[in-house]
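Hi,

Here is the structure I said I would pass on. Have a look at it first, and then read my notes below.

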Amino acid sequence: MTEPRSTAKDRDPTTDADDTETTRPAVESPPPGPRGLPIVDNTIGFARDPLEFLSSMREYGDVAGYEAFDREFVVVSDPGLVEEVLVSRDDEFWRGEFENEFGEALDIEGVFFAEGDRWRRQRTLLQNAFTPARIRSYADDMVAETVRLLEEWSDGEVVDIREAASTLTLRALTRSLFDLEFEDDRTDRVRRWVRAMGAYNDSEFLGVRVLLPSWIPSRAEREYRRATADVTELVGELVAERRRSDADGDDLLSLLATGEYPDGSSPSAEEITDQLLLFLLAGHETTATALTYACWLLAGDNNVQSRLEREVSTVLGDRDPAFADLSDLAVTEAVGREALRLYPPLPFLQREPHEETTLAGYRIGSGTTVQLNMYSIHRDERWWTDPDAFRPDRWLADGEDGQSVLHGGDRPEYAYFPFGGGPRHCIGMRFAMTELQLSLATMVRRVDLERVTTSIDPSFEVSLDPGPVEMRVRKR
Ligand code: HEM
């Protein structure tokens with residue numbers, strides 16, 4: 001998978017010409033959009049169904065503006081402009097107040113929400129847990145956890161694959177990144193927390209906050225606070241156990257519990273807790289969602305399934321996959337990529353300019369939230385033929401030896417960016433793709449999954465949630 005470009009190329013937006021020049025308005029004006037609508041209509045429209053709302057913004061063009069939640073938003077639906085915001089002009093933007101308010105409401109910090117030097121030193125330390133050599137060392141755990149899950153299933157059983165994928169990715173995460181085998185009660189505590197977060201987030205977005213004064217805690221908020229306190233306690237136990245064990249490994253938990261920043265200082269107790277909470281969430285929820293969609297999409301397409309089975313049987317024979325097989329499992333990777341295209345777990349990204357600027361000639365005021373419309377770009381017919389169809393073959397070409405090989409296609413780089421881009425691209429990208437590929441290949445070898453849930457209507461909660469996805473297990 002192509003590594004997103006992470007070097008920020010300094011560029012002066014006022015003097016730099018580019019090919020969007022011809023479509024620029026003569027005078028810098030705010031972007032077009034549903035300006036006439038009352039703010040509350042947009043707020044409710046976005047809150048009810050953010051994906052539908054953002055898709056509808058495309059009728060105003062690749063840069064569209066609206067007002068909601070008492071602030072200005074600009075929706076960007078063009079890959080070249082996404083690249084400007086994330087990569088070539090990334091120093092002009094930060095995650096922004098709107099995104100931070102979300103983090104504050106959820107009481108989550110960590111590297112995802114840090115900025116400037118604080119972000120840089122955290123990212124530099126944490127990156128050590130994600131080097132190619134470290135990812136290779138996690139691969140066997142990922143396969144072992146998949147096998148463990150499959151062995152817990154019986155032939156003919158109907159499972160909720162969404163729940164099962166969460167259990168799998170959480171166990172794989174704690175085993176690889178924390179070097180710990182999580183007992184079921186610990187897994188349950190984390191899962192309860194993520195569920196409470198989804199419900200709380202939902203109630204916030206559904207306008208409860210718009211209609212109720214914020215000092216009245218909703219039931220969902222009270223439950224979420226209780227679950228957060230519980231997981232914070234769990235994280236404290238993990239750090240204490242690690243310190244007692246005198247382990248000086250280079251997994252993430254050891255890096256935080258015993259490591260140092262580049263300037264020689266150590267992460268504070270609060271920072272350690274924040275990072276671990278963040279990784280417990282970011283490190284399993286998104287990958288679980290992706291794996292769920294991949295399994296469900298596969299079960300709906302016999303041709304793709306047969307092609308995948310052929311690949312897995314040719315490459316692996318009668319053994320489970322290992323890290324060294326990844327480059328030969330091109331169809332498996334294409335299935336993962338295509339699931340992430342159709343259902344990106346984080347379907348839009350948000351940024352805010354440090355000061356007033358322009359984008360494609362439109363004025364973007366400071367304090368404006370710029371929303372990068374990933375879900376719509378991933379399904380835009382300008383870059384994708386048959387955009388709503390599950391077609392892993394769009395990522396494949398025939399190699400010299402008749403085997404399938406991956407190719408990116410002839411489209412702008414940021415027509416596909418499920419892991420973001422630029423310096424703040426997903427730190428867990430390789431981890432996630434490795435897990436997705438290894439888990440899928442292991443599953444295909446051992447079980448056949450049939451759809452019981454026949455349609456999915458994703459909603460945006462903590463990630464792009466498919467809701468319960470029931471599937472029948474047929475053991476091979
Ligand atoms: C399929 C799975 C995943 C997807 C689709 C995904 C997606 C993303 C995206 C789009 C971003 C950038 C957000 C932005 O620019 O606003 C991001 C950031 C991040 N992701 Fe992931 N992610 C996945 C898996 C993981 C895993 C497995 C981990 C950790 C083990 C992880 C940890 C993080 C962290 C810490 C950041 C913040 C990076 C920073 O700000 O420097 N993610 N992820």
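Let me start with a pair of helices: H5 passes H11 in a right-handed crossing. Please keep in mind as you read that this is a predicted model. H5 covers residues 116-126 and H11 covers residues 269-282, and the two pack at an angle of about 65 degrees with their axes 13 Å apart. H5 and H11 are therefore roughly perpendicular to each other. If you want to find the contact on screen, look for Arg118, Arg121, Gln122 and Leu126 on the H5 side, and for Glu271, Gln275 and Phe279 on the H11 side. Sorted by class, this contact of H5 with H11 has 3 charged, 2 polar and 2 nonpolar residues.

Next comes H16, which turns up in two helix contacts in my notes.

One partner of H16 is H7. Helix H7 runs over residues 161-177 and helix H16 over residues 429-446; their axes come within 12 Å and cross at roughly 125 degrees. An angle over 115 degrees but not over 145 falls outside both the perpendicular and the antiparallel ranges, so H7 and H16 are oblique to each other. The crossing of H7 past H16 is right-handed. On H7, the residues that meet H16 are Leu168, Thr169, Ala172, Leu173, Ser176 and Leu177, and they face Phe431, Glu435 and Ser439 in H16. The residues of this contact of H7 with H16 come out as 5 nonpolar, 3 polar and 1 charged.

The other partner is H13, residues 302-316. The axes of H13 and H16 come within 10 Å and cross at roughly 95 degrees, which makes H13 roughly perpendicular to H16. Leu308, Glu309, Val312 and Leu316 of H13 make this contact with Ala441, Val444 and Arg445 of H16. By class, the residues of the contact of H13 with H16 are 5 nonpolar and 2 charged, with no polar ones.

Now for the sheets. One is an open sheet of 3 strands in the order E4-E14-E11, with antiparallel pairing. Strand E4 (158-160) and strand E11 (447-451) are at the edges with a single partner strand each, so one side of each has no neighbour in the sheet. On average, neighbouring strands here are turned by 40 degrees against each other, ignoring direction.

Strand E14 spans residues 470-475 and pairs with E4 in the antiparallel sense over 3 bridges. Two bridge partners to look for: Asp160 has Glu470 in E14 as its partner, and Val158 has Arg472 in E14. E14 also pairs with E11, again in the antiparallel sense, over 5 bridges. In that pairing you can look up Arg451, whose bridge partner in E14 is Met471.

What lies across E11 and E14? That is helix H12 (residues 285-299), which runs at about 80 degrees to E11.

There is also an open sheet of 5 strands, in the order E1-E2-E8-E5-E3, and its pairing is mixed. At its edges are strand E1 (63-68) and strand E3 (93-94), each of which pairs on one side only. E3 and E5 run antiparallel and are joined by 2 bridges. Trp94 stands opposite Glu352 in E5.

Last, the aromatic side chains. How many aromatic pairs are there? The count comes to 20. One of them is the stacked pair of Tyr293 and Tyr343, at 4.2 Å centre to centre with 10 degrees between the planes. This pair links distant parts of the chain, 50 residues apart: Tyr293 is in helix H12, while Tyr343 is in the loop between helix H14 (330-342) and strand E5 (349-353). You have already met both H12 and E5 above: H12 lies across E11 and E14, and E5 is one of the strands in the order E1-E2-E8-E5-E3.

If you are wondering where to begin, I would follow the order used here: helices, then sheets, then the tyrosine pair. Drop me a line once you have had a look.

Cheers

Definitions and conventions
Residues numbered from 1 in each chain as written. Predicted model: local features only at pLDDT ≥ 70, side-chain atom pairs only at ≥ 80, totals over all residues. Heavy atoms only, no water. Axes fitted to C-alpha atoms, helices over the stretch in contact; angles between N-to-C directions. Helix = DSSP H or I, 4+ residues; strand = E, 2+ residues; numbered from the N terminus. Parallel < 35°, antiparallel > 145°, perpendicular 65-115°, else oblique. Left-handed = near helix turned anticlockwise from the far one by under 90°. Contact = heavy atoms within 4.5 Å. Nonpolar A, V, L, I, M, F, W, Y, C, P; charged D, E, K, R; others polar. Pairing = 2+ DSSP bridges. Phe/Tyr/Trp six-rings, centres within 6.5 Å; stacked < 30°, edge-to-face > 60°.
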